[in-house]
Amino acid sequence: MEKHINYQTKTGLRITYVQKPQFQRSYCGIGCKYGSAHLFYIRNQKEMVLPAGLAHFLEHKLFAMPDGSDAFSGFTAINATANAYTTTDKTLYFFTTTDRIWDPLSLLLNMYFTPHFTEEAVEHEKDIICSEIKMYEDKADAAIVQKLMEALYPDDSLSCPIAGTKQSVLKTTAEDLNNAYETFYHPQNSHLVIVSKEDPKPIFDQIERLMDSFCFFSIDFQKKQTVLSDHVIDSVTIHGKTSQTQAWVALRMDSARTVPLFCHLMIGILDCLFSPLAAFYQKLSKQKAFLADIDYTVVTQEETAYLILSAITNHPKDFIKQVTEKIKTVQIEDLDEQILDLYLKHLKAKQISQLDSIENLGDEILSLALEEIDYFAEQKQIALLKTEDFKPYLSYLHEASIVQAISYKKS
């Protein structure tokens, strides 16, 4: 197990420091428990509503420094490579460097804790974000997944596009950005992860001094639910989006939201049905029910969990019918011991190999920390997994709400 230290500053910022003496590069990332789905909240006992895509907009503008400089250029000038991204429930900012970490870390914390939003800068950014939205809309699979999310969570903020819509972006103001920043971007709602060969003690001392120089807002806030719907839209048809016809099956599993290791265990079960070694996969293959491998992914959120499965096929309705019937009736007998054993070996090997990639390690620790999950405790749980541990999870498939979708090829 990696040597790591958990530390909390006097201002409340939690830090996870992983010391890797053998690494020549360092990773530093800070994240906020605020994402695109958090559009409704209560601030100082007042109901607040934000435009869709605001968390992503704020991510863009946080790189603008109070002195008028651009933090991206600042990182480059000190030999650091920086980036950021927004998801439905979090926003992350990070850099890697081969030099000593304090200069880019100081820039990261200054950028994160000293916002500078002007109406002029906000107006300038709107064209850039609208172009980004158009780019995603032109990507067939991204557009289809967005349609599936809208069917899984109709009228819920969780299903809003992460970047928002052109209409929501155009009505965004500097005041909106300031309101969201003051509410969510404070030490107690953030987490910092450092992976470096450097001694952590002097770094902690420098962070304490820098954090003392910032001013933080004292705001009472409460996030509102991002999932309020109690049903799904069970069928979606999409025309002219892909070069080949695709069948999609999506499952919503609200009761799985707090289940430890849910994604890992559910992927193992899906491998027993849809990996090339699986009997059901081979049955579908012999019927020529699909033309390429069956793809699937599982995602957990604060209030729900869902999986999305897809395949290229000339017989989408038949493929969907067989897959949904199998999912609803899957039994313990379908859990092939050989497949599960191979999956567990692959999963455990992946956890070990991840330790050799500084970006993957840092990003995983930070992403989980923002979900209140201890990466190192999870690694211990994964190491103890056995094939019989998958059996209790079949019920989540039986009880799931299902969305069926067909994306017909362009004519």
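Select Phe221 first. In this predicted model, Phe221 is partly exposed, at a relative accessible area of 22%. That value falls outside the buried class, because buried means under 20%. Now add Phe184. Its relative accessible area is 0%, so Phe184 is buried.

Show both rings. Two values describe such a pair: the distance of the centres and the angle of the planes. A search of the whole structure finds 30 aromatic pairs. In the pair of Phe184 and Phe221, the ring centres are 5.2 Å apart and the planes stand at 80°, so the pair is edge-to-face. The two residues come from distant parts of the chain, 37 residues apart. Phe184 belongs to helix H7, residues 174-184, and Phe221 to strand S9, residues 221-223.

Stay with H7 and select 174-184. How many of its eleven residues are buried? Nine are, so the helix is mostly covered. Colour the buried ones: Ala174, Asp176, Leu177, Asn179, Ala180, Tyr181, Glu182, Thr183 and Phe184. Charged side chains are in that list, including Asp176 and Glu182.

**The five-stranded sheet**

Next, select S10, S14, S11, S13 and S12. In that order the five strands form an open sheet, and the pairing is mixed. Which strands stand at the edges? They are S10 (235-242) and S12. Each has a single partner strand, so one side of each is left without a neighbour in the sheet. Look along the sheet for the twist, which averages 20° from one strand to the next.

Zoom in on S11, residues 246-252. Seven of its seven residues are buried, so the strand is largely enclosed by the rest of the structure. In a regular strand the side chains alternate between the two faces of the sheet. Check each face of S11 in turn. On one side sit Gln246, Trp248, Ala250 and Arg252, all buried. On the other are Ala247, Val249 and Leu251, also all buried. Both faces are therefore covered.

Now follow the partners of S11. Strand S13, residues 305-312, runs antiparallel to S11, and seven bridges join the two. Pick Arg252 to find Tyr306 of S13 opposite. Strand S14, residues 401-409, is also antiparallel to S11 and is joined to it by seven bridges. Here pick Trp248, which stands opposite Ala405 of S14.

Add helix H11, residues 316-329. H11 lies across S11, S13 and S14. Its direction makes an angle of about 160° with S14.

**Two loop residues with positive phi**

Most residues other than glycine have a negative phi. Two stops go against that pattern.

Go to Gln45, in the loop between strand S4 (40-43) and strand S5 (46-49). Phi of Gln45 is near 70°, a positive value in a residue other than glycine. Is this residue buried or exposed? Gln45 has 75% relative accessibility, so it counts as exposed.

Finish at Lys288. This residue lies in the loop between helix H10 (279-286) and strand S12 (295-300), and S12 is an edge strand of the sheet visited earlier. Phi of Lys288 is near 55°, again positive in a residue other than glycine. At 61% relative accessibility, Lys288 counts as exposed.

Key
Residues are numbered from 1 along each chain as its sequence is written. Side-chain values use heavy atoms; hydrogens and water are left out. Buried means under 20% relative accessible area, exposed over 50%, partly exposed in between (1.4 Å probe, protein chains only). Helices (H or I, at least four residues) and strands (E, at least two) are DSSP runs, numbered from the N terminus. Two strands pair if DSSP finds at least two bridges between them. Axes are lines fitted to C-alpha atoms, for helices over the stretch in contact, and angles run from 0 to 180 degrees between N-to-C directions. Contact means heavy atoms within 4.5 Å. Rings of Phe, Tyr and Trp (its six-membered ring) pair if their centres lie within 6.5 Å; planes under 30 degrees apart count as stacked, over 60 as edge-to-face and the rest as tilted.
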